[in-house]
Amino acid sequence: MVSVEGQEPRRYGRRVFLGVLAGGLTSFAWAPAASRIFSPLTSAGSQLLGNVLPVGGWRIYTISGSMPVFDPNTWSLAVDGLVERPVKLGYDDLRALPAAEQVSTFHCVTGWTVHNVRWRGIRLQRILDLAGPLHSARALRFVSSEHPYEDSLTIEQALLPDVMLALDLDGSPLSRPHGAPLRLVIPEMYGYKGVKWLERIEVVGEQPTGYWENLGYDQDAWIGRSNGYS
């Protein structure tokens, strides 16, 4: 059921970051316990593991050394901030909304690509219509249950026709490695903008920087036009 709540913002460049991967293997043993302190290093270890053990063409990365566990009976997506009607949507609520489908290519900023990915989910316009953004709203902050993973888009970017909140990948519900139960998909941008394990969308008046931007990645991660690519 949809519930309505009461009313209520050392950087690393891409090349340097990739260089860290060569030394990341030893982080696997201590990553879960030390993730809050050493998240850049555990992320590097995760990227190394993803490159060594790709799954169906995908390399599965985390920033904390572990993946959130999804319980469909307790999980919900909060939509709040600069809105008229803060809402919480359970998993069944999202499944009941009109769905969109698309096939697109996924690009990782580290250089690998997965073609012909079939996504099924919900356009952000439908979610925003439920909450009613205020006139002062300018951007959306996407928060993962894998803290401190978060990122953002301007509202204009979020309403691009191929941006969605994905529930399914290649005909099946998202798996835990792919961000179950919900992930952001932005085909025109590199994959680090697509927050996995999504639990909150905050409508804000100014676009904040996300986890990867604080490590030196570009805010606007357009494919082929950012992060040193041209």
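Fifteen residues are a lot of names, so here is the short version for the second largest cavity: it is lined by 15 residues, and Phe106, Val185, Ile186, Pro187 and Met189 lie nearest its centre. A cavity here is a set of points on a 1 Å grid over the protein atoms alone where a 1.4 Å probe fits but cannot get out, and lining residues have an atom within 4 Å of a point. The model is predicted, with local features needing pLDDT of at least 70 and side-chain atom pairs pLDDT 80 or more, while totals for chains, interfaces and linings use all residues. Residues are numbered from 1 along each chain, and side-chain values use heavy atoms, without hydrogens and water.

The volume of this second cavity is about 120 Å³. Strands β4 (100–107) and β10 (183–185) each supply at least two lining residues, and β4 gives the most, with 4. Sorted by type, the lining holds 8 nonpolar, 5 polar and 2 charged residues.

Next up is the largest cavity, with about 300 Å³ of space. Among its 23 lining residues, Tyr61, Tyr149, Gly191, Tyr192 and Lys196 are the closest to the centre. This lining splits into 13 nonpolar, 6 polar and 4 charged residues.

Then there is Asp93, which sits in helix α4 (residues 91–96). Asp93 is buried (under 20% relative accessible area, 1.4 Å probe, protein chains only). Even so, Asp93 has no salt bridge (a side-chain nitrogen of Lys or Arg within 4 Å of a carboxyl oxygen of Asp or Glu). Lys88, the nearest side chain of opposite charge, is 11 Å away. The Asp93 side chain does reach the backbone nitrogen of Gly90, at 2.7 Å.

Notes: On a 1 Å grid over the protein atoms alone, a cavity is a set of points where a 1.4 Å probe fits but cannot get out, and a pocket is an open set with protein on both sides within 12 Å along at least five of seven lines; lining residues have an atom within 4 Å of a point. Grid points are joined across faces, edges and corners, and a volume is the space filled by probe spheres set on the points. Ala, Val, Leu, Ile, Met, Phe, Trp, Tyr, Cys and Pro count as nonpolar, Asp, Glu, Lys and Arg as charged, and the others, Gly among them, as polar. Buried means under 20% relative accessible area, exposed over 50%, partly exposed in between (1.4 Å probe, protein chains only). Lys and Arg count as positive and Asp and Glu as negative; His and the chain ends are not counted. A polar contact is a pair of N or O atoms within 3.5 Å; within protein, one must be able to donate a hydrogen and the other to accept it, and residues adjacent in sequence count only if both atoms are side-chain atoms.
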